[in-house]
Amino acid sequence: MKVTSIAAAVAAYVLCCGDLASAGPVQKRGSRDPFFEITTLGGMTFKINQVPNKKFYGQHKGRGSMAIARAYSKYGLAIPDDLLSTIEQILEELGLLGNNGAGNNTTDDPQGEVAATPQMFDSEYLAPVQIGTPPQTLNLDFDTGSSDLWVFSSETPANEVMGQDAFDIGQSSTARRLTGESWSISYGDGSSSSGNVYLDTVSIGGVTVENQAVESATNVSLAFTQRPETDGLLGLAFSSINTVRPNQQKTFFENAITNLASPLFTANLRKAEPGNYNFGFIDTTEFSGQITFVPVNTSSGFWQFTADGFSVGTSGATVSAPHEAIADTGTTLLLLPQAIANAYYAQVPGAVNDVQNAGGYVFPCSASLPDFTAVVGGGTHRAVIPGDFINFAPVDGDTFETATTCFGGIQAVPNGFGFAIYGDIFLKAQFVVFHGGNEELGFANKPLP
């Protein structure tokens with residue numbers, strides 16, 4: 001998650017950019033390319049499989065409104081009053097309003113509570129991470145849109161822990177406090193999480209980093225207190241947006257990169273089933289065709305790239321619409337410039353942008369949604385998101401079968417925001433390479449259910 005000041009800084013980037021030629025070369029690589037060879041002799045590789053979140057609420061009424069509110073909050077944007085009212089009504093119906101524990105810095109009025117709640121509806125799959133000596137296993141949310149590794153811990157007040165597994169600092173013989181260092185993340189609802197910083201041993205999939213910064217929560221936003229399945233976050237963006245002060249800390253990936261066989265990781269997220277992350281290698285069985293690599297602009301701290309355009313449906317013409325975007329595994333929706341979202345839903349009969357009642361675009365659940373194709377790599381790669389991936393959640397019922405109105409997985413970013421957010425709706429349809437050595441993103445198609 002980002003502090004509000006960071007969100008404001010990157011907001012200066014305009015959605016529509018100039019000619020792609022200035023962004024650097026685009027490359028397509030097949031599995032026989034030398035790029036796939038090991039670059040560090042004796043370097044390590046590992047695959048980490050996601051695990052189901054047993055407390056995930058599923059495709060429940062209100063999940064769409066919750067997801068878009070969470071994206072607003074994550075990037076420091078104020079959640080519109082209409083959306084807050086909608087969420088408050090949903091939480092009252094679910095019996096969740098007021099069942100929040102006590103004691104953190106979110107306001108006590110219902111609006112503050114509502115703004116903090118959306119997180120609990122959003123993480124369907126998590127990843128196990130071992131911290132400390134002997135290792136303690138916590139289930140963390142891997143987030144390429146943030147750069148902090150923070151956890152519930154023995155320092156977290158008891159009334160802010162609601163079922164999470166907390167890292168017991170005193171039980172780790174290798175934990176060492178970084179005196180004078182602290183971290184703090186602010187959210188768009190006015191809440192925050194913060195705490196102390198320790199160095200300790202962190203292992204993922206058998207790869208171990210010693211003296212990794214582990215941020216221990218002494219204060220947790222209600223957004224996470226009410227998310228009992230998630231024990232913390234593991235950020236995989238760039239350390240320039242790490243929130244530790246006065247000395248920013250490196251991410252797990254940045255610390256591990258010199259020990260990996262190749263300086264990269266891949267995300268193979270899946271629809272309705274656990275996916276996996278691979279570190280240090282590219283598994284050629286997980287994608288089809290070639291990988292198209294595009295340069296990453298790291299100046300904002302994100303995996304930021306230029307998308308070129310789009311098409312709607314299987315026979316729709318490609319529309320040139322260059323815009324800046326980030327690849328963010330920590331955001332559920334695909335948030336696009338308003339004009340692109342409008343163009344997509346213009347092809348969906350009965351679709352309306354019902355911000356007041358639902359938070360975004362909705363449509364009849366009986367509608368057949370067209371595919372959406374994102375064009376990247378100077379037009380060389382067409383990333384197809386099937387229409388059934390875009391039918392995100394029911395609006396007026398607890399299941400798709402009982403609902404008449406559904407919420408779309410494609411939504412619009414707020415006017416004036418600095419970039420589009422290519423979240424899990426997009427990422428679950430693609431095989432994505434995050435290449436830290438070359439500062440590139442790679443996109444390839446893959447078999448889909």
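**Sheet pairing, helix packing and aromatic contacts in the predicted model**

Within the sheet, Phe 363 stands opposite Cys 406 of strand E22. In this predicted model, the neighbouring position on the facing strand is also matched, since Thr 405 in E22 has Pro 364 opposite to it. Strand E18 and strand E22 (residues 405-408) run antiparallel and are joined by three bridges. On E22, a further partner is found for Gly 408, which stands opposite Asn 391. The pairing of E21 with E22 is likewise antiparallel and extends over three bridges.These strands belong to an open sheet of four strands, ordered E17-E18-E22-E21 and paired in the antiparallel sense. Strand E17 (352-354) and strand E21 (391-394) form the edges, each pairing on one side only. From one strand to the next, the twist averages 45 degrees.

Two helices lie across strands of this sheet. Helix H7 lies across E17, E18 and E22 and runs at about 5 degrees to E18. Helix H2 (residues 63-74), in turn, lies across E21 and E22, at about 115 degrees to E21. In H7 (residues 338-345), the residues Ile 340, Ala 341, Tyr 344 and Tyr 345 are buried. These four residues are on the same side of H7, because they cover an arc of only 125 degrees around the axis. In general, an α-helix has 3.6 residues a turn, so residues three or four places apart point the same way.

Aromatic pairs amount to 26 in total. One of them, formed by Phe 253 and Phe 265, is edge-to-face, with 4.9 Å from centre to centre and 80 degrees between the planes. Phe 253 lies in helix H6 and Phe 265 in strand E11 (residues 264-268), so this pair ties together parts that are twelve residues apart in sequence. Phe 253 and Phe 265 are both buried. A stacked arrangement is found for Tyr 345 and Tyr 361, because their ring centres are 4.5 Å apart and their planes stand at 10 degrees. The location of these two residues relates the pair to the helix and sheet described above: Tyr 345 lies in helix H7 and Tyr 361 in strand E18 (residues 360-364), so the pair ties together parts that are 16 residues apart in sequence. Tyr 345 and Tyr 361 are also both buried. Ring pairs further link Phe 253 and Phe 265 with Phe 238, Phe 279, Trp 303 and Phe 434 into a cluster.

Helix H6 (residues 252-256) also contains Ala 256. With a relative accessible area of 1%, Ala 256 is buried. When residues up to four places away in sequence are not counted, Ala 256 touches Val 207 and Val 209. Between Ala 256 and Ser 203, the C-alpha to C-alpha distance is 10.0 Å, while the two residues are 53 residues apart in sequence.

A polar residue, Asn 196, was examined in strand E8 (residues 192-204). Asn 196 counts as buried because its relative accessibility is 16%, the cut-off being under 20%. Its side chain is joined to that of Arg 177 by a polar contact of 3.1 Å. Apart from neighbours within four places in sequence, Asn 196 is in contact with Glu 155, Arg 177, Glu 181, Trp 183, Val 214, Glu 215, Ser 216 and Thr 218.

For the protein as a whole, nine helices and 26 strands are assigned. Buried residues account for 59% of its 449 residues. Of the contacts between residues at least 6 apart in sequence, 72% join residues at least 24 apart.

Terms used:
Residues are numbered from 1 along each chain as its sequence is written. This is a predicted model: local features need pLDDT of at least 70, side-chain atom pairs count only at pLDDT 80 or more; totals for chains, interfaces and linings use all residues. Side-chain values use heavy atoms; hydrogens and water are left out. Buried means under 20% relative accessible area, exposed over 50%, partly exposed in between (1.4 Å probe, protein chains only). Contact means heavy atoms within 4.5 Å. The arc is that of the directions from the helix axis to the C-beta atoms. Rings of Phe, Tyr and Trp (its six-membered ring) pair if their centres lie within 6.5 Å; planes under 30 degrees apart count as stacked, over 60 as edge-to-face and the rest as tilted. Two strands pair if DSSP finds at least two bridges between them. Axes are lines fitted to C-alpha atoms, for helices over the stretch in contact, and angles run from 0 to 180 degrees between N-to-C directions. A polar contact is a pair of N or O atoms within 3.5 Å; within protein, one must be able to donate a hydrogen and the other to accept it, and residues adjacent in sequence count only if both atoms are side-chain atoms.
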